[in-house]
Amino acid sequence: MEADPGSRKHKEGYGYGYYGFNRKSSLDRRRGSSHGEDGHGSSSTIIPPSMQKRLNSIFREVEKEFENLYLENLRLREKVDLLERVHMAEKDKDKDTDEPDAFENVLKSFTKKNAFKTRHKLKAHTSKIVSSFKPPQINTARVREYKGHRDGIWDVDVSKVGHPLIATASADKTARIWGIDSGKCLLNYTGHAGSVNSISFHPSQDIALTASGDGTAHVWKASAVPDFTPSGAGGFGLSSEESAADSSEDDRRTSNHPSDLSRCTAVKTPIIALSGHQGVVIGCQWLDDDLAVTAGWDRAAHLYNVETGALMQTLVGHDAELTHVSCHPSKRLVATCSVDTTFRLWDFRETIHSVSVFQGHTEAVTSTAFSRTDQIVSGSDDRSVKVWDLRNMRAPVTSIQAPSAVNRLAVSLNGTIAIPHDNRQVVLYDLQGQKIIRLPRDASKPHNLMVTSVCWAAADISESWRCKANLFSAGFDRIALGWTVRPASKDEKEAKFKE
């Protein structure tokens with residue numbers, strides 16, 4: 001049964017949709033079980049007076065901030081116009097005149113501090129204008145849509161064994177396996193009794209791990225045959241341009257048809273259920289082929305042997321609910337994130353494991369992702385992303401200011417950070433903090449609600465797929481999107497520059 005849509009649409013006349021500032025009320029209730037915690041009850045449509053007051057305060061602050069920016073922009077424009085007029089007048093004056101230098105008088109009217117501020121701001125604005133004329137270094141396109149869930153999607157993951165498959169976890173209490181090329185749902189897992197909050201493919205087998213608001217994590221068979229669609233005599237390959245142009249037609253033909261959803265293979269029972277948390281299980285990841293880690297709202301992370309279901313170790317120390325868990329792709333390192341504004345690094349490479357605490361955020365840490373090097377990236381509700389050196393945890397090496405709260409981010413093999421936002425966008429940065437591009441680059445075909453999660457596919461593997469998608473995003477608009485992100489060729493750069 002579908003959740004009451006009123007619980008995640010516009011609230012009390014505020015036309016700002018379903019964003020991060022009411023996450024602890026509506027969104028968090030959806031992550032819970034079906035017994036009143038997942039937002040299905042009628043009470044979830046009523047905002048408490050204290051929350052209404054907080055929302056009003058936030059909107060007033062946002063409006064005031066935009067008003068101040070607008071006024072500051074007007075003042076800067078007036079100063080620029082004045083300087084230009086004085087400069088033109090100075091050129092027309094006789095060089096031998098004894099009259100005071102008007103341009104010099106204007107400059108002297110500013111204090112040294114104000115002059116520096118104005119120069120700095122003008123330089124920043126000029127840099128933005130100049131950068132808009134630079135030819136793009138990255139080509140991006142939305143190439144597939146995966147549609148079929150009946151409620152928002154919390155998480156997305158891509159197959160680790162090279163199959164063209166992605167998996168999604170949804171508040172509709174199901175997890176689905178999709179064919180990347182066809183956009184069709186191939187398998188539907190319905191074994192959970194609450195919102196499915198996280199999903200992770202096994203590193204070497206066709207099984208998946210899911211975490212749920214019903215207080216359990218399930219390991220289940222995720223074997224699905226990818227639904228290939230041949231493209232002529234040349235086999236399955238298409239160029240990214242052909243794929244992008246063909247994607248909208250394919251989406252209409254394959255992704256949204258009800259009969260496609262009815263043909264999903266249904267899986268109702270897990271191979272093994274992992275229990276032990278006292279409440280919602282919010283995240284899950286594979287540490288290696290035999291061990292899995294889960295994170296819960298009970299402030300603890302659990303390490304399980306998935307073959308026996310035995311709880312091997314409980315990781316405690318956080319002062320508030322956990323929000324996410326991630327594992328290093330090749331080392332026995334686990335990172336747990338919490339509402340307590342910190343994330344902890346658990347090192348299992350030695351018999352006696354060590355724990356490091358990373359402090360630097362001012363609000364809940366929503367996710368972490370390891371790079372292939374000795375770095376880890378953290379995202380937070382404080383609208384920032386920080387890159388840390390695992391060998392020196394005292395301070396981040398890079399800080400990125402985000403336009404809105406950050407959700408479950410991901411780092412590619414070449415070190416590109418994909419950051420999903422509450423404002424419906426995905427922004428790409430490198431590990432040095434330089435912005436690469438925003439998805440979508442124009443106003444076409446974005447997510448309609450906040451983007452909750454992203455994941456990368458290995459570039460060498462995704463090139464063999466028909467649609468060439470190597471980045472996937474999931475949103476609370478119930479859909480997942482496949483994007484192709486690749487370096488622009490020399491000819492493409494020149495063509496864009498001429499435009």
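## Strand assignment and the annotated repeats

Helices, taken as H or I runs of at least four residues, and strands, taken as E runs of at least two, are DSSP runs numbered from the N terminus. On that basis, the span of residues 189-221 in this predicted model is 0% helix and 55% strand. The end C-alpha atoms of residues 189-221 lie 9 Å apart.

Residues 189-221 are one of the spans that an unreviewed UniProt entry annotates as "repeat: WD"; the annotation also covers residues 146-188, 315-349 and 358-398. For residues 315-349, the end C-alpha atoms are 15 Å apart, and the span is 0% helix and 54% strand.

## Strands β7, β8 and β10

Strand β7 covers residues 207-212 and pairs with β8 in the antiparallel sense, over 5 bridges. Within this pairing, T210 stands opposite H218 of β8. The two strands form a hairpin with 4 residues between them. In the turn of the hairpin, G215 has a positive phi of about 90°.

Strand β8 (residues 217-221) also pairs with strand β10 (residues 272-274), in the antiparallel sense and over 3 bridges. Here V219 of β8 has I272 of β10 opposite. Strand β8 is mostly covered, with 4 of its 5 residues buried.

## The open sheet

Strands β1, β29, β28 and β27 make up an open sheet of 4 strands, in the order β1-β29-β28-β27 and with antiparallel pairing. At the edges are β1 and β27, each of which pairs on one side only. On average, neighbouring strands of this sheet are turned by 20° against each other, direction ignored.

Inside the sheet, β28 and strand β29 (residues 479-487) pair in the antiparallel sense over 4 bridges. A474 has A480, in β29, as its bridge partner.

## Nonpolar cores

The largest nonpolar core has 19 residues. Y146, V158, I166, I180 and F472 have the most contacts inside this core. Strands β1 (138-147), β2 (153-158) and β28 (471-475) each supply at least two of its residues. A second, separate core has 16 residues, including L187, Y189, A208 and V267.

The surroundings of I166 can be listed in detail. Leaving aside neighbours within four places in sequence, I166 is in contact with Y146, V156, D157, V158, R176, I177, W178, I180, F201 and F472. Among these contacts of I166 are Y146, W178 and F472, and these three residues form one aromatic cluster.

## Aromatic pairs

The model has 7 aromatic pairs. F343 and W388 form one that is edge-to-face, with 5.7 Å from centre to centre and 75° between the planes. Planes over 60 degrees apart count as edge-to-face, so the 75° between the rings of F343 and W388 places the pair in that class.

The F343 and W388 pair links distant parts of the chain, 45 residues apart. F343 belongs to strand β17 (residues 342-347), and W388 belongs to strand β21 (residues 384-389). Buried means under 20% relative accessible area; F343, at 1%, is therefore buried. W388 is likewise buried, with a relative accessible area of 0%.

## Backbone features in loops

T341 is in the loop between β16 (333-338) and β17. Its phi is near 75°, a positive value in a residue other than glycine. T341 has 23% relative accessibility and counts as partly exposed, because that class lies between the 20% limit for buried and the 50% limit for exposed.

R424 also has a positive phi, of about 80°, although R424 is not a glycine. R424 is placed in the loop between β24 (416-420) and β25 (426-430). With a relative accessible area of 35%, R424 is partly exposed.

A cis peptide bond joins L439 and P440, with omega about -10°. P440 is in the loop between β26 (435-439) and β27 (451-456). Strand β27 is one of the edge strands of the open sheet described above.

Note on methods: Residues numbered from 1 in each chain as written. Predicted model: local features only at pLDDT ≥ 70, side-chain atom pairs only at ≥ 80, totals over all residues. Heavy atoms only, no water. Phe/Tyr/Trp six-rings, centres within 6.5 Å; stacked < 30°, edge-to-face > 60°. Buried < 20%, exposed > 50% of the residue type's maximum accessible area, 1.4 Å probe, protein only. Core = buried A, V, L, I, M, F, W, Y, C linked by side-chain atoms within 4.5 Å. Contact = heavy atoms within 4.5 Å. Pairing = 2+ DSSP bridges. Axes fitted to C-alpha atoms, helices over the stretch in contact; angles between N-to-C directions. UniProt positions renumbered as here; feature names shortened; annotations may be inferred.
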